[in-house]
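Open the model in your viewer and keep the selection panel at hand. The stops below are meant to be followed in order.

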Amino acid sequence: MAKKRLLATVLGERQDTPPMWIMRQAGRYLPEYRELRAKAGSFLDLCYNPDFATEVTVQPLRRFDLDAAILFSDILVIPDALGQKVRFEQGEGPVLEPLTVSDVDRLEHGGALDHLAPVLETVRRLRGVLAPEKTLIGFCGSPWTVATYMLNGRGSPDQWVARRFALEHPAAFSKLMDVLVETSIDYLVAQFQAGADVVQLFESWALNLDDAAFEAQVIEPNRRIVEGVRAKVPDAPVIGFPRGAAGNLKRYAEKTGVNALGLDYATPLSFADDFLPKTLPVQGNLDPLRLVIGGKAMEERVHEIKAAFAKRPHIFNLGHGIVPETPIEHVERLVELVKKG
Ligand SMILES: Cc1c2[nH]c(c1CCC(=O)O)Cc1[nH]c(c(CCC(=O)O)c1C)Cc1[nH]c(c(CCC(=O)O)c1C)Cc1[nH]c(c(C)c1CCC(=O)O)C2
């Protein structure tokens, strides 16, 4: 059987050239995505339509020699499945009606998977259409990151509302995190059963937390998810991406049990050598802006990243999502550079 280079790397095997995927690889920088997006209705209609979502997932693999497809969906399908309506406003991002303490009291985790059935159908279809050497990545948002949107109602630079809620209403906050942990476990187990090879936990708002809050709000829920998923799917491969974790990264890697650690672009390249076990696979971490600019600004940094991680299992990726203004030729060049020994 053809080898899945990306999966093998998550499991700890270094490849001659790093396998790669691009965070948010299906998206608005691709004209074929924009075309389908315009037909689909709302963004969530696109996520919940297995025909469209399967097509959008494979679009980037038709253009570029990537080693993985990532399920097309969003981290905010979980609040939506829990009954908190989510809208995606043009130019503004996600908008939710912020949860109050009594809303949290009424939350229940049962039933969310029924709502997510179309997403799981997309995973099954992808398994059928992807070439055998391509790794299929499933995902969910980590509980803290999802909670920041549920409590604040939209993205915010400092997650003030959610951080305050956690301190002011510890019982309600803990209930919310429990519901998110349980729902995420069920959802990820279902993704594996539908054919995902690996899952990534997106903890996009792992910044701005003191180390006690980081332990309680990031490490512990992520650890519970990894443990809960592996109780049903033994040895389930997991990539953790705690964006902005900085000085907490090592502790995150040690305590959560993830197989591989995603590094944001602000993480110094020397960090891996200085602090992480030599056997720990890392993923990352080109600044998406360098991909927008291209040329020397991109090429030199790609070489530095490859050199810095040359002695450990490494998955090449951006250090955060690709942005809509990225020229497609720059992505083509990036793939060429990464794949060239
Ligand atoms: C925080 C977060 C979200 N969603 C996600 C995260 C974690 C990663 C990160 O930190 O960027 C994860 C995500 N969102 C999307 C995917 C699909 C798969 C892929 O990576 O290709 C994945 C893995 C599609 C999407 N999710 C979204 C789009 C754009 C919406 C559109 O097409 O109109 C896509 C392709 C919308 C979205 N969804 C979210 C925001 C803040 C936004 C608005 C910002 C934006 O527009 O980029 C929440």
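The tour goes from the ligand to the annotated residues, then to the helices and a few backbone details.

**Before selecting anything**

The model is predicted: local features require pLDDT of at least 70 and side-chain atom pairs count only at pLDDT 80 or more, while totals for chains, interfaces and linings use all residues. Residue numbers start from 1 along each chain, as its sequence is written.

**Stop 1: the ligand**

Select the ligand and the residues near it, where near means that the C-beta atom, placed from the backbone, lies within 6 Å of the molecule. The selection should hold 22 residues, and the closest are Ala26, Gly27, Gly93, Phe202 and Ser204. Colour this shell by class: 11 residues are nonpolar, 7 polar and 4 charged. In this scheme Ala, Val, Leu, Ile, Met, Phe, Trp, Tyr, Cys and Pro are nonpolar, Asp, Glu, Lys and Arg are charged, and the others, Gly among them, are polar.

**Stop 2: the annotated residues**

Next select Arg24, Gln25, Ala26, Gly27, Arg28, Asp74, Tyr149, Ser204 and His320, which an unreviewed UniProt entry lists under "binding site". UniProt positions follow the numbering used here, feature names are shortened, and annotations may be inferred rather than shown by experiment. The unreviewed entry also lists residues 19–28 as "domain: Uroporphyrinogen decarboxylase (URO-D)". Show that span alone: its end C-alpha atoms are 23 Å apart, and it is 0% helix and 0% strand. Helices (H or I, at least four residues) and strands (E, at least two) are DSSP runs, numbered from the N terminus.

Zoom in on Ala26, in the loop between helix H1 (5–10) and helix H2 (31–40). Is Ala26 buried or exposed? Ala26 counts as buried because it has 23 C-beta neighbours inside 10 Å. The cut-offs are 20 or more other C-beta atoms within 10 Å for buried, 12 or fewer for exposed, and anything in between for partly exposed, with C-beta atoms placed from the backbone. Leaving aside neighbours within four places in sequence, Ala26 is in contact with Tyr33, Val56, Thr57, Gln59, Pro60 and Phe72. Contact here means that the two C-beta atoms, placed from the backbone, lie within 7 Å.

Move to Gln25, which lies in the loop between H1 and H2. Gln25 is buried, with 27 C-beta neighbours inside 10 Å. Not counting residues up to four places away in sequence, Gln25 touches Pro60, Leu66, Ile70 and Ile322.

**Stop 3: helix H9**

Select Tyr149, which is found in helix H9. With 28 C-beta neighbours inside 10 Å, Tyr149 is buried. Beyond its neighbours within four places in sequence, Tyr149 is in contact with Leu76, Pro79, Pro94, Leu96, Arg154 and Gly155.

Extend the selection to H9 as a whole: 10 of its 10 residues are buried. Just after H9, Gly153 takes a positive phi of about 85°.

**Stop 4: helix H12**

Select residues 211–232, which form helix H12. H12 has 22 residues and reaches 30 Å from its first C-alpha to its last, close to the 32 Å expected at 1.5 Å a residue. The expected span is 1.5 Å times one less than the number of residues.

Where does H12 kink? The kink, of about 30°, lies at Ile219, shortly before the proline Pro221. The bend at a residue is the angle between axes fitted to the seven residues ending there and the seven starting there.

Show the buried residues of H12: Phe214, Gln217, Val218, Ile219, Pro221, Asn222, Ile225, Val226 and Val229. Among the elements covering them are helix H9 (143–152), helix H11 (170–194) and strand E5 (198–203). To relate this stop to an earlier one, draw a distance from Ile219 to Ala26: 29 Å, C-alpha to C-alpha, across 193 residues in sequence.

**Stop 5: backbone details**

Select Gly284 and Asn285, joined by a cis peptide bond with omega about -15°. Asn285 lies in strand E8 (residues 282–286).

Then select Gln159, in the loop between H9 and H10. Its phi is near 55°, a positive value in a residue other than glycine. Gln159 is buried, with 23 C-beta neighbours inside 10 Å.

Finish at Ala246, in the loop between E6 and H13. Ala246 has a positive phi of about 45° although it is not a glycine, and it is partly exposed, with 15 other C-beta atoms within 10 Å.
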